[in-house]
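I opened my notebook to record what I looked up, beginning with the nucleic acid and ending with charged pairs.

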Protein chains: 2
Amino acid sequence: MLELLHSLVHALKSRMHHAMQEGGGDVAGLAGMEARSLGFIARHPESTQGELVRHSGRDKGQIARVVKRLRELGLIEQVEDPVDRRNVRLRVTPAGDALHRDVHRLRKRAGAQALAGFDAEELAAAVALLERMKGNLE
Amino acid sequence: MLELLHSLVHALKSRMHHAMQEGGGDVAGLAGMEARSLGFIARHPESTQGELVRHSGRDKGQIARVVKRLRELGLIEQVEDPVDRRNVRLRVTPAGDALHRDVHRLRKRAGAQALAGFDAEELAAAVALLERMKGNLE
DNA sequence: GAGCGATCGTTGACTTTGTCACCTTTGTGC
DNA sequence: GCACAAAGGTGACAAAGTCAACGATCGCTC
């Protein structure tokens, strides 16, 4: 079971990685974590780095570096939170948004391939089971 | 969905990693991939490195290094295949078998926590769905 | 048997991901 | 003011993954 999950996720990562390389253009310069983080920021504008940390379950140091890289690439920008200046609110730039759409397209395609032959009911069941598992680990 | 899978697997990895560190003793010296590969060899004695590569989906170079490390740790040993001398058949040593049992215990515990509240039917459904997804990617 | 391509494993060089321990800055509650 | 917590940043490192090249061996064919 654990093995199965591992190899499935590895296969998905690998697919996405190759799709991003072959897709060429700007997406090729993004690493997987960077692409995923960009996606989170695009979906949750004005969120802080800490929220990204909590949502992804990754180390905050790692996230700090990923965010730094995305900023250097000009894909996101930071806004100071006037209320609490420790917080850094993140949002995508137009360039980041465009790139995010490209990534999203590839991600959707990879997901669609993995879920080929699933009807809505099965998809919902899969998501529910996975979410219960994730919930069990918190 | 992809995000969900990623974070679930990440959480599982993290659990296993900590369990192996805290468990102390010899398991603490094993990295995750090493532990998983040891498990495969224990479950499939006399298999070749190539079979491990195909089963895990990992790069053969990576597997070669993992196998090398396991050999240096005295956990597995190689037997020359008399028929095809390119093949190297792998099997666990007594020490490797003992360690494998420890790892298996920890893995089982981590899996049990993730699957808490699942009845046999749900478990089977989850495995079936995941296997279909994995199959779709080949 | 010599040549040729395929397969198995090995190695080097490298990038990405993850982990841990510390640090600074800022806010909160005495 | 002070101690303490929280947000983020950095250094150092370990683990994981990727790619390309290589030697050895095998199967096949001429």
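Of the atoms of DNA strand C within 4 Å of the protein, what percentage belongs to sugar or phosphate? I noted, keeping in mind that the model is predicted, that 62% of these atoms belong to sugar or phosphate and the rest to bases.

**Entry on the surface near the DNA.** I found that 25 residues surround DNA strand C, with Gln62(A), Arg85(A), Gly50(B), Arg65(B) and Arg86(B) as the closest. I sorted the residues of this surface into five nonpolar, nine polar and 11 charged, and I saw that helix 4 of chain B gives the largest share, six residues.

**Entry on single contacts.** I looked up two phosphate oxygens of DNA strand C: one is 2.8 Å from a polar backbone atom of Arg85(A), and one is 2.6 Å from a polar backbone atom of Gly50(B). For a base oxygen of the strand, I found a polar side-chain atom of Lys60(B) at 2.9 Å.

**Entry on salt bridges.** I recorded that side chains of opposite charge can pair when their charged atoms come close. My search of the whole structure gave 18 salt bridges over all chains. In one of them, Arg69(A) and Glu34(A) have their closest N and O atoms 2.8 Å apart; Arg69(A) lies in helix 4 and Glu34(A) in helix 2 of chain A, so the pair ties together parts that are 35 residues apart in sequence. I noted that Glu34(A) is buried, at 9% relative accessible area, whereas Arg69(A) is partly exposed, at 32%.

I also wrote down a network of salt bridges that links Glu46(A), Glu77(A) and Arg91(A).

Key
Residues numbered from 1 in each chain as written. Chains lettered and ligands numbered in written order. Predicted model: local features only at pLDDT ≥ 70, side-chain atom pairs only at ≥ 80, totals over all residues. Heavy atoms only, no water. Near = heavy atom within 4 Å. Polar contact = N/O pair within 3.5 Å; in protein donor to acceptor, adjacent residues only side chain to side chain. Helix = DSSP H or I, 4+ residues; strand = E, 2+ residues; numbered from the N terminus. Nonpolar A, V, L, I, M, F, W, Y, C, P; charged D, E, K, R; others polar. Salt bridge = Lys/Arg side-chain N within 4 Å of Asp/Glu carboxyl O. Buried < 20%, exposed > 50% of the residue type's maximum accessible area, 1.4 Å probe, protein only.
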